[in-house]
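User: I would like to know how the labels on a structure are justified. Please take me through them one by one.

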Amino acid sequence: DAHYNARHKPLEVRVPGGADRVELVAAVSGHGWGTDSKDCAEFCVSEHRFAVRRALRVEEELFVAKDEGTRSYLLADAGSAHGCADHVKAGVTPNQYGTWEYGRAGWCPGGMVQ
């Protein structure tokens with residue numbers, strides 16, 4: 001979906017000053033059939049990027065660090081002919097009806113969600 005980022009603005013999260021650790025957890029399902037002209041949902045290769053930037057607010061002024069920690073996760077098995085079939089030893093449930101053997105974006109039937 002070419003307009004996805006425009007619909008989802010950056011989210012500001014305030015971390016308490018005494019925090020020792022912050023974790024970002026995201027569940028990317030591969031759903032979205034019919035949202036663009038490709039209509040491939042979990043069968044499209046997709047990349048998900050998360051950027052974390054340090055900021056400091058002093059009274060009404062916000063100071064944002066120029067450096068940014070960026071992490072990306074590429075779901076490259078999507079659309080491959082045997083992406084899920086190649087992972088049977090890792091727990092994927094084999095020989096289901098339909099399209100079980102094709103690679104998907106981040107999951108396979110019976111396999112661990114990545």
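User: Let us begin with the charged residues. What makes glutamate 23 exposed rather than buried?

Analyst: Glutamate 23 has a relative accessible area of 57%. Buried means under 20%, exposed means over 50%, and partly exposed is in between, using a 1.4 Å probe and protein chains only. The value is over 50%, so glutamate 23 is called exposed. Keep in mind that this is a predicted model: local features need pLDDT of at least 70, side-chain atom pairs count only at pLDDT 80 or more, and totals for chains, interfaces and linings use all residues. Residues are numbered from 1 along each chain as its sequence is written, and side-chain values use heavy atoms, with hydrogens and water left out.

User: Why is the pair of glutamate 23 and arginine 21 called a salt bridge?

Analyst: The closest N and O atoms of the two residues are 2.9 Å apart. A salt bridge needs a side-chain nitrogen of Lys or Arg within 4 Å of a carboxyl oxygen of Asp or Glu. The pair meets that limit, so the name applies. In general, side chains of opposite charge can pair when their charged atoms come close. The structure holds one salt bridge. Arginine 21 also counts as exposed, at 65% relative accessibility.

User: How do you know that cysteine 84 and cysteine 108 form a disulfide?

Analyst: Their sulfur atoms are 2.1 Å apart. A disulfide is a pair of cysteine sulfur atoms within 2.5 Å. The distance passes, so the pair is a disulfide. A search of the whole structure finds one disulfide. The angle about the S-S bond is -85°, and the link is left-handed. Both cysteines lie in the segment after E4, so the bond ties together parts that are 24 residues apart in sequence.

User: Are those two cysteines buried or exposed?

Analyst: Cysteine 84 has a relative accessible area of 0%, so it is buried. Cysteine 108 has 12%, so it is buried as well.

User: What makes arginine 104 buried?

Analyst: Its relative accessible area is 7%. That is under 20%, so arginine 104 is buried. Arginine 104 sits in the segment after E4.

User: Which backbone oxygens lie by the side chain of arginine 104, and why are these called polar contacts?

Analyst: The backbone oxygen of tyrosine 102 lies 3.1 Å from a polar atom of the arginine 104 side chain. The backbone oxygen of tryptophan 100 lies 3.4 Å from a polar atom of that side chain. A polar contact is a pair of N or O atoms within 3.5 Å; within protein, one must be able to donate a hydrogen and the other to accept it, and residues adjacent in sequence count only if both atoms are side-chain atoms. Both distances are within 3.5 Å, so they fit the distance limit.

User: What else is arginine 104 in contact with?

Analyst: Contact means heavy atoms within 4.5 Å. Leaving aside neighbours within four places in sequence, the partners of arginine 104 include Glu42, Asp77 and Cys84.

User: Where does leucine 11 lie, and what makes it exposed?

Analyst: Leucine 11 lies in the loop between helix H1 (4-7) and strand E1 (46-52). Helices (H or I, at least four residues) and strands (E, at least two) are DSSP runs, numbered from the N terminus. Leucine 11 has a relative accessible area of 75%, so it is exposed.

User: How many helices and strands does the protein chain have, and in what pattern?

Analyst: The protein chain has one helix and four strands. Along the sequence the pattern is α-β-β-β-β.

User: What share of the protein chain is buried?

Analyst: Buried residues make up 16% of the 114 residues.

User: What is unusual to check about asparagine 95?

Analyst: Asparagine 95 has a positive phi of about 60°, although it is not a glycine. Asparagine 95 lies in the segment after strand E4 (69-75). At 66% relative accessibility, it counts as exposed.
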